Amino acid sequence: MKRENRLVRWIWWTVVVTALFLLGFSIGWFAKRSNTTTENHEASSKYLEEFLDEMQTDQIREHLRKLTRLPHLAGTEQNLKYAEQIMKEWQDFGLDSVEMVPYDILLSYPNKSQPNYISIVDSIGNEVFNTSLAEPVPQGYEDISNIVPPYSAYSPKGHPQGDLVYVNYGRTEDFFQLEREMGINVTGKIVIARYGKIFRGNKVKNAMLAGAKGVILFSDPADYWAVGVQPYPDGWNLPGGGAQRGNVLNLNGAGDPLTPGYPAKEYTYRLNPEEGVGLPKIPVHPIGFHDAIHLLKNMGGQIPPNNWKGALNVSYKTGPGFTEGFRSHKVRMNIHSNNQVTRVYNVIGKIRGALEPDRYVILGGHRDAWVFGGIDPMSGAAVVHETVRSAGKLLKKGWRPRRTVIFASWDAEEFGLLGSTEWAEDNARLLQERAVAYINADSAIEGMYTLRVDCTPSLHTLVYNLTKQIASPEEGEDGVSLYESWHKRDNWTNDRDAPRISKLGSGSDFEAYFIRLGIAAGRARYTKNKKTERYSSYPVYHSVYETFEIVEKFYDPTFRRLRAVAQVRGGLIFLLADSQVLPLDATEYADSLRKYAQSIAHLAQANAEQMQTYKVSFEPLFSAVENFTAAARDFHDRLQTLNTQDPLQVRMVNDQLMYLERAFIDPLGLPGRPFYRHVIFAPSSHNKYAGESFPGIYDALFDIENSADPEKAWREVKRQISIAAFTVHAAAVTLTPPA
């Protein structure tokens, strides 16, 4: 009995001692965790400041100089050399790993022995005028070889001949106006359109649908000249002999035309070349405005509306064909370009995350250029290079981000966003599970006025907070933050008292990550004053005149603007990778959804009578937005009481924030565009560059008043409203507390 009592007492004392030990350990552990959390936050803030300060204007200038010395078209030896150089330097900067990832994709090149050109031929077939075979090369580059002449990538071969029709910008509404108001049919004709307003591939698609047999594109000074500025090299306007290269695909997010939806590896099944997705069926060619004058000056037909007239000294008559005295003359296209499967290389560098290595934050921009790429893309590539160098400096000081950071130098962006899309397809399963955000790093400057940001709504607050910590790069604004400078120049007056942030469209490498995979995305660059500078893009876009000198002499002589963009892009990556709780804001998404729902409903009200007839209501969508708003508000209220000492709780809310963008993905995709799966945002069907909100509803409403079957058309509107309402409601549920 005594032995049993001693055993009981021994067990009791063991339990007490163990309990006291565990209690003391727990108190010490959580006290340590609390101190550690505070210390980590302070260290992260300190490192952010060091990271931003490390970025140097002289370094960016040097990166841009060395990466723009030679032409480096995708698939060429020089672009591979730049990839190898970038890989080596990223390794030297101190990244944990760097690799080159190849893909074999369909590219398009001119035939060196048979150049492309446009001619005017007389009644017996003699060429009375030929367009230039190349651009005049800028001073200092006369001895450079491998400058590809202006061409439209993926144009099929062909020699169509016929009457010319001027179609303004070649927009959907321009072709409607030609047919419905002017009575002009372009079937069997060659059309000439000025660049601007919409993506060139949409112009070609519209011409094909209208029955044209060829397309000529030109840059009109009305769209590619800034007032009071001289042409390059004396200014930054496009010379008359300059022409815009570019692809004329309609991929709708498919990636490589021969392997749509799948990575273009050696083992991948490929479509036959003639079956490739998005390939144009009619020849296309770009020319400068000096050549365009010769094609337009003797045009016959109607005098168009004033808003169809550019700045050339011609009448801009529509045709078809030429005036009396030249009526027997025809236009002939001579296109000999070839499509061929070619190997391209992405460069992928990584910094392994310390605490959450399975969460990825990506900074990606392309490397390939049409010629030298002084602005597009190398101003962006130089910024990425400086971001990597600065991150390497922090690593040497002992910093390591909480999450993994991935840097990417994409290939073949100019050929349809191919390098980035192939890598997204190759890693889709991983990215859907692990990617926190994608920050795009294409051209870092397109103007000299202020910052421009396009991003998903959940990034708005982060962008505003970060830009308040960055100095304005503008002369005379010492002590002024980038936020204040941006706010002063581009206030979002119709929405809020804050700088304007735009929706993401497409036309750059974020497309597959944001619109197909549902990864939060954003982009930042320096831009022009859109109120006074009405020209499209920037004047020398995709021409031989995009040199290092045009940036150094005109766009950013001090390189402070490029440094500011580097700090914005780099700061976003840093905060997304290193913040304990992801700095994503669901309430901003709620505000945007409310605006977008009101906007699309207002658009539909243009057909209020038909809406009533077919019983179309937006109430389900408005109700879903209200549900989302309440869920977002409640979620952020709960964040205020989050136990940041509990890593499981932190991980749980971070996953809810990370997967929010994924909740807006419809696996079936948009009608006719299966690789565009984001229900809230997608490129316009009529302009790839422009982002539309609720694109399924928008496309269903487009030109609905002229529908041949109104009942069917309005049923599709109702279907798209229901899809949008379900998706928004489902996204709201992801923000609710776990069961």
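This is a short talk on the fold of one predicted chain, its seven-stranded sheet, and one buried loop residue.

Some ground rules. The model is predicted, so local features need pLDDT of at least 70 and side-chain atom pairs count only at pLDDT 80 or more, while totals for chains, interfaces and linings use all residues. Residues are numbered from 1 along each chain as its sequence is written, and side-chain values use heavy atoms, with hydrogens and water left out.

I start with the whole chain. Its secondary structure comes to 21 helices and 19 strands; these are DSSP runs numbered from the N terminus, H or I of at least four residues for helices and E of at least two for strands. The C-alpha trace spans about 125 × 65 × 55 Å along its principal axes. The radius of gyration is 28 Å, which agrees with the value near 27 Å for a compact globule of 739 residues; that is taken over C-alpha atoms, and the globule rule is 2.2 Å times the number of residues to the power 0.38. Of the 739 residues, 59% are buried, meaning under 20% relative accessible area with a 1.4 Å probe, protein chains only. Among contacts with a separation of 6 or more, 79% are between residues 24 or more positions apart; contact means heavy atoms within 4.5 Å.

Next, the sheet. Seven strands form an open sheet in the order β1-β12-β14-β13-β15-β17-β16, with mixed pairing; two strands pair if DSSP finds at least two bridges between them. β1 (97-109) and β16 (450-455) are at the edges with a single partner strand each, so one side of each has no neighbour in the sheet. From one strand to the next, the twist averages 20°, with axes fitted to C-alpha atoms and angles between N-to-C directions running from 0 to 180 degrees. Inside the sheet, β13 (residues 356-366) and β14 (residues 403-410) run parallel and are joined by eight bridges. Tyr360 stands opposite Thr404 in β14.

Now the loop between β17 (520-527) and α14 (548-555), where Thr547 lies. Is Thr547 buried or exposed? Thr547 is buried, because its relative accessible area is 0%. Apart from neighbours within four places in sequence, Thr547 is in contact with Pro138, Tyr141, Tyr232, Phe372 and Gly374.

After Thr547 comes α14, in which Phe548, Ile550, Val551, Phe554 and Tyr555 are buried. An α-helix has 3.6 residues a turn, so residues three or four places apart point the same way. The buried residues of α14 pack against α2 (57-66) and α15 (560-578).

Key:
Buried < 20%, exposed > 50% of the residue type's maximum accessible area, 1.4 Å probe, protein only.
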